[in-house]
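Let's walk through this model together, starting with the overall picture and then stopping at a few local details. Keep the structure open beside you as you read.

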Amino acid sequence: MPLSQKPMRYGHTEGHTDVCFDDIGSCIVTCGSDGDVRIWESLDDNDPKSINVGEKAYSFALKNGRLITAVSNNTVQIHTFPEGAPDGILTRFTMNANHVVFSADGSKVAAGSSDFLVKIVEVTDSSQQKTFRGHDAPVLSVSFDPKNTFLASASCDGSVRVWKISEQSCETNWPLLQKCNDVVNAKTICRHAWQPKTGKLLAVPVEKVVKLYRRETWDHQLDLLDKSVTQPFNVVAWSPCGQYLAAGSVGGWIVIWNVDTQECLERVKHDKSYTICGLAWHPKGGQVAYTDMEGNLGLLENVCDVDGKKSNHKASAPGVKDYDELFDEDDGEDFLNRDSVGDDWGPKAARNDEDDDDDPMMASGRPRNRGAIIEDDENSLDTGLLKANSALDKEEEEDDQESLAPLLPLSSTQGPFYDGPVPTPQQKPFQPGSTPVHLTHRFMVWNSIGIIRCYNDEQDNAIDVEFHDTAVHHAMHLPNSLNHTMAALSSEAILLACESTEELASKLHCIHFNSWDSNKEWTVDMLQNEEIEAVCLGQGWAACATSTLLLRLFTNGGVQKDIFSLPGPVVSMAGHGEQLLVAFHKGTGFEGDQCLGVQLLELGRKKRQLLHGDPLPLSRKSYLTWLGFSAEGTPCYADSEGVVRMLNRGLGNTWTPVCDTREHCKGKSDHYWIVGIHENPQQLRCIPCKGARFPATLPRPAVAVLPFKLPFCQTATDKGQMEEQFWRSVLFHRYLDYLSQNGYEHDESVKSQATQEQQNLLMKMFALSCTLEREFRCMELAELMTQNARSLAIKYASRSRRLNLAQRLSELTAERAAELAAAEEHGMQEEEEEEEDFRNHLNAGYSSTPTESGQARIRNLQRQQSMETYEEEEEKEEEEEEGTSEVTKPRPPPISEKVSAPKSVTKAAVVSSSQKRVNPFKVSSSQKDQLVQLANIIDNMTKQGKKNSMPNSRVAPNKKSPVIKPLVPKPKSKQAAAAAFFQPRTPSTEKKNIGERGGGTEAPPSEPPQTPAESSDNKRPKTGFQMWLDENRSCIGADNPHFEETEIIKEGMSRFRNLSAEERMVWTEKAKGKEAGDSSEGKKRKRLEVVNSDGQEGQGKKSKEDTSSVTKPSSIQESAIAKLSAFAFKQR
């Protein structure tokens, strides 16, 4: 069977960690710097037995039911095993003991300490001790000869010594290591080992090789090396049979050789390239347990299987396996066999040809590749190895030379060894807020809604659902007969998914507990060979990503909706409201980096994609650990290095790091497991995990709150702190702009408070810059201020006697005020253009509706009368033009220009009144009323447009206009204009204006002529905002005593917009009621008809004109009125 590498798991806190098996191999035993010795029944044991032996445990040894530990109080202790009962102190040192080992029979214990001493103590009688002196630095490691004759020790003085136990003398001394003054500064702990049973060889890790020395002669026999290892070996361990040797390196490599043939059988790389500091073989072989300097425990299975290794010529090269998988070439045929057909390969080559011609896979289960064979063949040609091998014994020498000699011709066909970037294995899909699937008790999801736990043991296989707020739903207990491994939870539904089996397809199961009907569950089977890899829920929808690179969307009720292809294999998904966030593999990463992309989609009524597969930034050599949204709807994620990033919508949808959880960890192996993010208040909610990356289900973990902090420089200074606070406030309140732009309801007071906080920080930074005489920096800060804050900055600069700065600030203030005025004017022009376009659109597409069907006949008569009147006026105008030297016909102004059309007509009417001329082409009062009413309609449209521009207009209950769709940029003003057609008119004001304009012939001579300005004032009565401002001006002035008149008006406009729609309508009605005698009659008028029912109020002398027939205002009538008015003016 091929070698398999189990996923590493947490064992102890960071620091040196040791490992071994018990005598029969029934359990794994580890010790770490947390002072605990833990007994693991298997690697998946979630509840290991723990024995506390001290504050720190540096080393331990286990044999015959006795546990020996070297702890931080400078003692070597003994405990019973597995009970863990203390059994006394074996020996003491003046400094820490660094390594302890048992002799082969378990009768003696050897220990080396930092006080340069090595001791051998009898287990049964601790008074029987032998001390070995000679090292000039702390002792790194010791090892017993299996025959209890010799003892080897390595020290920081750079030497490896062999002592004769009986004589307490040094047999030999090899200066092999780099010198140092302490164990913590040593490049390697140099854990050497004797060959079991015979003790024939002593293996010593030295730099990038393992040196083997012959017993008694102490001659250097051979070196075992591997080109994949670029950092020193740290520890070696022999297999129980003595045939294989395993070595762990500082760079995380574990290499296993066959010592007899010097072949490299296996290479395994640590997932995180952590230093391997502990290695132990199972007493029966086949398994190797190992630990790293971060306290993690790992296990290799099926190591050096005899049957499986018969056809295994060499081990595959590191990383090349993954690299070759990028290509689609057919590697079924052996590379060297293909290029060297007919060569004499010797007995071993013949055996390999027979086994490998028909099998493209090596016996280890990994595909053959070119780099592996080339590399290992280079090793086999090492002449030093051949010479060393020849020194063993003649019999072995003849056998080995006979088998290795035919391999020499390979040197002419060898190519260069690949030493380029190594591809990173792609991260597997995961659910945010979940713990690993292999655990029997695990969290399937933990988010801001609730918790889903899964129990899969011998007693029960079930799922528990718990809600943080029981008002959402009560707790649920679900059977897990389908073995669901993925889950998502929202305030509307629970989504579960399971993998396929031989009999069943992969299934998606939804429990829509928010449904009002009795059938709340539905299930969907995936297609054949399609596996669900990630699931998520949103508002009214569910999604799943599959192994076929498809993303399927469903409604909460089970209706299949959209389906689209993903650019790469999915890594994780998250949903919030209408937003869907998908992380996927965008390509192949190298040197430990993942290459991920991200898509952000909005699944509302107007579907759109905001992030189009943009790269997802991660820390170096890290992977994605959490993906989701803040409670306010901003996308966020975290990586394995503890860095949390948030989408910065105000900076082109870039990702900004907002927190580094590693800064809050006490130890290197401690982590924070994220469960939620809030922007207001700024909180990162997570679970602290001591010595692990994820929490256990029991006891219930406690949630901690971490603050956010942007990685600004010099945050220890006042300037750096205020800069970080300011930009963090800006970043964490940009969600308000997003909600406002998309028509969602939000609290305006939050935005005003944030603005006030930001301006206060700017003023503090401004004052600090003034103190430091950084006037240019002051100007840069002033550009970020509002007009009010800039005014305060001018006063501060003046009082600080920085006149040049004050002058520049004044110029900047004037420039910004001009820009603001220009922007407002431009905005009003755009609104007028929109209103004009919208009105033209309505006029062009106007048709009879069911409510107007009764008026169709009247409109036809009005249209006919208007055409006849227009033809007569055209004929008379042509006759007048013949006697006029120069007459220009003004074009009818657009109806969206509120004042221009009434002004032109009024001006003509005033002139004719002053000269006592009779207008032969007098327009009927009904037509004039309609013209003025059109202007007032536009006024109302503008006001209503401002109301609808408020963010909370989306949820106003009394709006008759259509609901504003989010993410639509401009329809708000148009819909407001449509609603304005149904607003009440002010007929009395209109009649008054028309009377002043058209009653020139009946006006008494004593009446003074009316100026255009007065006419304009009469046509512009006080609006609802003006009346509201008159009553609240004193309050605004009291709250802001330093405000000028323009600032008071701006503040009043802001407060008036914050009023509810009903309150603003009340003020508007008050303004209309003040001008109109009977506003109730005006409310009954339709959009395109005028009923002159209140002409009795102040209009008696024009009753004949007021009682004229009602006509429909049209572009033809407007054109005629304008032309006739111009003609009357020119006749003056």
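The paragraphs below go from the whole chain to its loops, salt bridges, surface and helices.

First, a word on how to read the values. This is a predicted model, in which local features need pLDDT of at least 70 and side-chain atom pairs count only at pLDDT 80 or more, while totals for chains, interfaces and linings use all residues. Residues are numbered from 1 along each chain as its sequence is written, and side-chain values use heavy atoms, with hydrogens and water left out.

The protein's secondary structure comes to 24 helices and 52 strands. Both kinds of element are DSSP runs numbered from the N terminus: helices are H or I with at least four residues, and strands are E with at least two. Of the 1132 residues in the protein, 51% are buried. Here buried means under 20% relative accessible area, exposed means over 50%, and partly exposed lies in between (1.4 Å probe, protein chains only). About 53,800 Å² of the protein is exposed, and carbon and sulfur atoms supply 50% of that area; accessible areas come from the Shrake-Rupley method with a 1.4 Å probe, and for residues only the protein chains shown count as cover. Among contacts with a separation of 6 or more, 53% are between residues 24 or more positions apart, a contact being heavy atoms within 4.5 Å.

A good place to zoom in is Leu 610, which sits in strand β45 (residues 608-615). Leu 610 has a relative accessible area of 21%, so it counts as partly exposed. Which residues does Leu 610 contact, leaving aside its neighbours within four places in sequence? They are Leu 600, Glu 602, Arg 649 and Asn 653. Asn 653 is 43 residues from Leu 610 along the chain, and their C-alpha atoms are separated by 8.4 Å.

Asn 653 deserves a look of its own. It lies in the loop between β48 (643-648) and β49 (654-660), and its phi is near 55 degrees, a positive value in a residue other than glycine. Asn 653 is partly exposed, at 25% relative accessible area. Asn 483, in the loop between β33 (476-479) and β34 (484-489), also has a positive phi, near 60 degrees. With a relative accessible area of 37%, Asn 483 is partly exposed.

Now for the cis peptide bonds. One joins Asn 680 and Pro 681, with omega about 0 degrees, and Pro 681 lies in the loop between β50 (671-678) and β51 (683-689). The peptide bond from Leu 698 to Pro 699 is cis too, with omega near -5 degrees; Pro 699 is in the loop between β51 and β52 (704-706).

Next come the charged side chains. Side chains of opposite charge can pair when their charged atoms come close. A salt bridge is counted when a side-chain nitrogen of Lys or Arg is within 4 Å of a carboxyl oxygen of Asp or Glu, and by this rule there are 25. One of them pairs Lys 164 with Glu 167 at 3.8 Å, N to O; Lys 164 is partly exposed at 24%, and Glu 167 is exposed at 52%. Another joins Arg 645 and Asp 639 at 2.9 Å, N to O, and both of these residues are buried. Asp 34, Asp 36 and Arg 38 are linked in a network of salt bridges.

In helix α7 (residues 718-732), Glu 724 and Arg 728 are four residues apart, which means that about one helical turn separates them. Their side chains meet in a salt bridge of 2.6 Å, N to O. Glu 724 is buried at 5% relative accessibility, and Arg 728 is buried at 16%.

On the surface, Phe 712, Trp 727 and Leu 784 make a nonpolar patch of about 260 Å². Patches are made of residues with over 30% relative accessible area and no salt bridge, joined within 5 Å for nonpolar side chains (Val, Leu, Ile, Met, Phe, Trp, Tyr) and within 9 Å for like charges. Leu 784 lies in the loop between α10 (775-782) and α11 (787-799), and it is partly exposed at 39%.

Finally, turn to helix α19 (residues 1024-1039), which bends by about 55 degrees at Asn 1032. The bend is the angle between axes fitted to the seven residues ending at a residue and the seven starting there. The buried residues of α19 are Gly 1024, Phe 1025, Met 1027, Trp 1028, Leu 1029 and Ile 1036.

Conventions. The expected span of a helix is 1.5 Å times one less than its number of residues.
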